[in-house]
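Reader: I should be grateful for a close look at the part of this molecule that carries the annotated sites. Please explain each term as it arises.

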Amino acid sequence: MQATIKNTVRFDGVGLHSGRPVRMVISPASAGYGIWFKRTDIRFGDAMVPARWDAVDRSPLCTRIRNAAGVEVSTIEHVMAALAGCGIHNALIEIDGPEVPILDGSAAPFVDAILGRGIRRLDTPVMAIKVDKTVTVETDSGWARLSPADTFTMSFHIDFTDAAIGSQDKRLVLSNGTFVRELCDSRTFCRQADVDAMRANGLALGGTLENAVVVDGDKVLSPGGLRHSDEPVRHKMLDALGDLALAGAPILGHYTGHRAGHSMTNMLLHALFNTPGALRLVEVDGADAARLPGVGVVPQDMPAVA
Ligand SMILES: [Zn+2]
């Protein structure tokens, strides 16, 4: 059955790129509502922005959505991953600025709060997107693919010249709380050289050594080091789950990302929806439900976050 959050939950923080303070409130919503953002600071005109693949304004550094009136919300990927990973299909997210708070740079604070409030089952079945045909997108920097699989599975490869990251591969079957146990606490990461370039362009102004893993060559500059030896690839998988959640329904298929990022995962969803015969909407039965990320998640799945 579809689910929503049991009670309203509030987050106060700053935007990673803007550095500005922001307050965000997630509220329950009815079956079939989906996930919508509402910009509470927009007094006139349409303040509602759908968390959907076709509302994405492609951006290399984060996922940004925009409505027809030009109202935007950016850096939505971590809260979207938290909702998908907890099996929340319907919610209203009110926010008083253009960027979701970065908090600790992972999805753990969102997951912790959502599981703390509890999940309410609704009386309408979940529809899932079953991948029937492989779709691939490719750019100069990498590729991404969705192919048929019975269980939602994710494989990811990254390679960076910085020895502190290097080459990392991971494959996970994301069912029954795996996202919460394995991925949700992995933080965003970047290279010191990129921080300098982003700051020069007025970006990453809210970034700190606490809410991002910063590396320089073979050194991890963030105090306390990494939460997992392969935290960067885990974070890329977290991002991909958040970006795939914009499909509007859970996916039964195998996602592979090879040096993929936000834009590429969004291009992949465009390819999926625009390729005849690539997908089928199926009503999720008990056996399929066990193959989706959120079913069976319990607060005890939360890792002990540093
Ligand atoms: Zn991220």
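Author: Apart from neighbours within four places in sequence, His-262 is in contact with Ser-59, Pro-60, Cys-62, Thr-63, Glu-77, Asp-239 and Asp-243. Two residues are in contact if their C-beta atoms, placed from the backbone, lie within 7 Å. This is a predicted model, in which local features need pLDDT of at least 70 and side-chain atom pairs count only at pLDDT 80 or more, whereas totals for chains, interfaces and linings use all residues. Residues are numbered from 1 along each chain as its sequence is written.

His-262 is covered by the annotation "active site" in an unreviewed UniProt entry. UniProt positions are given in the numbering used here, with feature names shortened, and such annotations may be inferred rather than shown by experiment. His-262 belongs to helix α6, residues 262-274. Helices (H or I, at least four residues) and strands (E, at least two) are DSSP runs, numbered from the N terminus. Because 22 other C-beta atoms lie within 10 Å of its own, His-262 is buried. The term buried requires 20 or more other C-beta atoms within 10 Å, exposed means 12 or fewer, and partly exposed lies in between, with C-beta atoms placed from the backbone.

In the loop between β20 and α6 is Arg-259. With 17 C-beta neighbours inside 10 Å, Arg-259 counts as partly exposed. The phi of Arg-259 is near 50°, a positive value in a residue that is not glycine. Most residues other than glycine have a negative phi. Strand β20 (residues 254-258) pairs with β14 in the parallel sense over five bridges, and there Met-154 stands opposite Tyr-255 of β20. Two strands pair if DSSP finds at least two bridges between them. Strand β14 (residues 153-159) also pairs with strand β15 (residues 167-173), in the antiparallel sense and over seven bridges. In that pairing, Asp-159 stands opposite Ser-167 in β15.

A second annotation of the unreviewed UniProt entry, "binding site", covers His-78, His-235 and Asp-239. These residues span 162 residues in sequence, yet no two of their C-alpha atoms are more than 9.4 Å apart, so they gather at one spot. Asp-239 is part of helix α5 and counts as buried, with 26 C-beta neighbours inside 10 Å. Beyond residues up to four places away in sequence, Asp-239 touches Glu-77 and His-262. Asp-239 therefore links the two annotations by a contact, since "binding site" covers Asp-239 and His-262 is in contact with Asp-239.

His-235 is likewise found in helix α5, where it is buried with 27 other C-beta atoms within 10 Å. Leaving aside neighbours within four places in sequence, the contacts of His-235 are with Ser-186, Arg-187, Thr-188 and Phe-189.

The packing of two helices completes this region. Helix α1 (residues 77-85) and helix α5 (residues 231-244) pack at an angle of about 80°, and their axes are 7 Å apart. This makes α1 roughly perpendicular to α5. Axes are lines fitted to C-alpha atoms, for helices over the stretch in contact, and angles run from 0 to 180 degrees between N-to-C directions. Angles under 35 degrees count as roughly parallel, over 145 as roughly antiparallel, 65 to 115 as roughly perpendicular and the rest as oblique. From α1, the contact involves Glu-77, His-78, Met-80, Ala-81, Ala-84 and Gly-85; from α5, it involves Leu-238, Asp-239, Leu-241, Gly-242 and Asp-243. Five of the residues in the contact of α1 with α5 are nonpolar, three polar and three charged. Here Ala, Val, Leu, Ile, Met, Phe, Trp, Tyr, Cys and Pro count as nonpolar, Asp, Glu, Lys and Arg as charged, and the others, Gly among them, as polar.

Helix α1 also has a part in the surroundings of helix α2. The buried residues of α2 pack against β1 (3-5), β2, α1 and α3 (178-183). In α2 (residues 108-117), the buried residues are Ala-108, Pro-109, Phe-110, Val-111, Ile-114 and Leu-115. Just after α2, Gly-118 takes a positive phi of about 100°. Leu-103, in the loop between β9 and α2, has a positive phi of about 50° although it is not a glycine. With 21 other C-beta atoms within 10 Å, Leu-103 is buried.
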